[in-house]
Amino acid sequence: MKMNSMNISLPQDMAEFVRRQVNQNYGNVSEFFREMIREKIKREVAGDLAFLESTGAAPRGPTEKEIEEILALQRKVRRARHARRV
């Protein structure tokens, strides 16, 4: 994956915090910030889903019956593929 470079400016206390975190838990500063961004994305997605669920607009998952139908179809396809190999 192509990486883009970004420069940021931080106050001294924040820069020291980042250095401590990197020294304790990360290989480099980029890993620290990538992890922060991943966590922010997760929080936003969770917030969006919570909102959708609260409005009743959240996409529903498959029902138990639909899951059983999918599994049955999957077994059928696997048996057919296995029969062709034999």
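**Exercise 1. Charges.** How many positive and how many negative side chains does the chain have, and how far apart do the centres of the two sets lie?

*Solution.* The model is a predicted one. Start with the counts: 17 side chains are positive and 12 are negative. Then compare the places of the two sets: their centres lie 11 Å apart.

**Exercise 2. Fold and overall form.** Describe the secondary structure of the chain, then set its radius of gyration against that of a compact globule.

*Solution.* Step one: list the elements. The chain contains 3 helices and 0 strands. Its order along the sequence is α-α-α.

Step two: take the radius of gyration. For the chain this is 24 Å, while a compact globule of 86 residues would have a value near 12 Å.

Step three: look at the box. Along the principal axes, the C-alpha atoms fill roughly 65 × 45 × 25 Å.

Step four: turn to the surface. Just 6% of the 86 residues count as buried. The exposed area is about 8100 Å², and carbon and sulfur atoms supply 57% of it.

**Exercise 3. Salt bridges.** Find a salt bridge in helix H1, and work out how its two residues are placed along the helix.

*Solution.* Opposite charges can pair when their charged atoms come close. The cut-off here is 4 Å between nitrogen and oxygen. Arg-19 and Glu-16 satisfy this, with their closest N and O atoms 2.8 Å apart.

Now the spacing. The two residues are 3 apart in helix H1 (residues 12–25), so about one helical turn separates Arg-19 and Glu-16.

Last, the exposure. Arg-19 is partly exposed at 44% relative accessible area. Glu-16 is partly exposed too, at 32%.

**Exercise 4. Two further pairs.** Examine the salt bridges Lys-42 with Glu-39 and Lys-65 with Glu-69.

*Solution.* Take Lys-42 and Glu-39. Their N-to-O distance is 3.5 Å. Both sit in helix H2 (residues 29–55), 3 residues apart, about one turn. Lys-42 is exposed at 52%, whereas Glu-39 is partly exposed at 30%.

Next, Lys-65 and Glu-69. Their closest N and O atoms are 3.4 Å apart. These residues belong to helix H3 and stand 4 residues apart, about one turn. Lys-65 is exposed at 60%; Glu-69 is partly exposed at 45%.

The total count is 5 salt bridges.

**Exercise 5. A charged patch.** Which residues form a positive surface patch?

*Solution.* Name the members: Arg-78, Arg-81, Arg-84 and Arg-85. Locate one of them: Arg-78 lies in helix H3 (residues 64–85). Check its exposure: Arg-78 has a relative accessible area of 53%, so this residue counts as exposed.

Terms used. Residues are numbered from 1 along each chain as its sequence is written. This is a predicted model: local features need pLDDT of at least 70, side-chain atom pairs count only at pLDDT 80 or more; totals for chains, interfaces and linings use all residues. Side-chain values use heavy atoms; hydrogens and water are left out. Patches are made of residues with over 30% relative accessible area and no salt bridge: like charges are joined within 9 Å, nonpolar side chains (Val, Leu, Ile, Met, Phe, Trp, Tyr) within 5 Å. Accessible areas come from the Shrake-Rupley method with a 1.4 Å probe; for residues, only the protein chains shown count as cover. A salt bridge is a side-chain nitrogen of Lys or Arg within 4 Å of a carboxyl oxygen of Asp or Glu. Lys and Arg count as positive and Asp and Glu as negative; His and the chain ends are not counted. The place of a charge is taken as NZ of Lys, CZ of Arg, CG of Asp or CD of Glu. Buried means under 20% relative accessible area, exposed over 50%, partly exposed in between (1.4 Å probe, protein chains only). The radius of gyration is taken over C-alpha atoms; the globule rule is 2.2 Å times the number of residues to the power 0.38.
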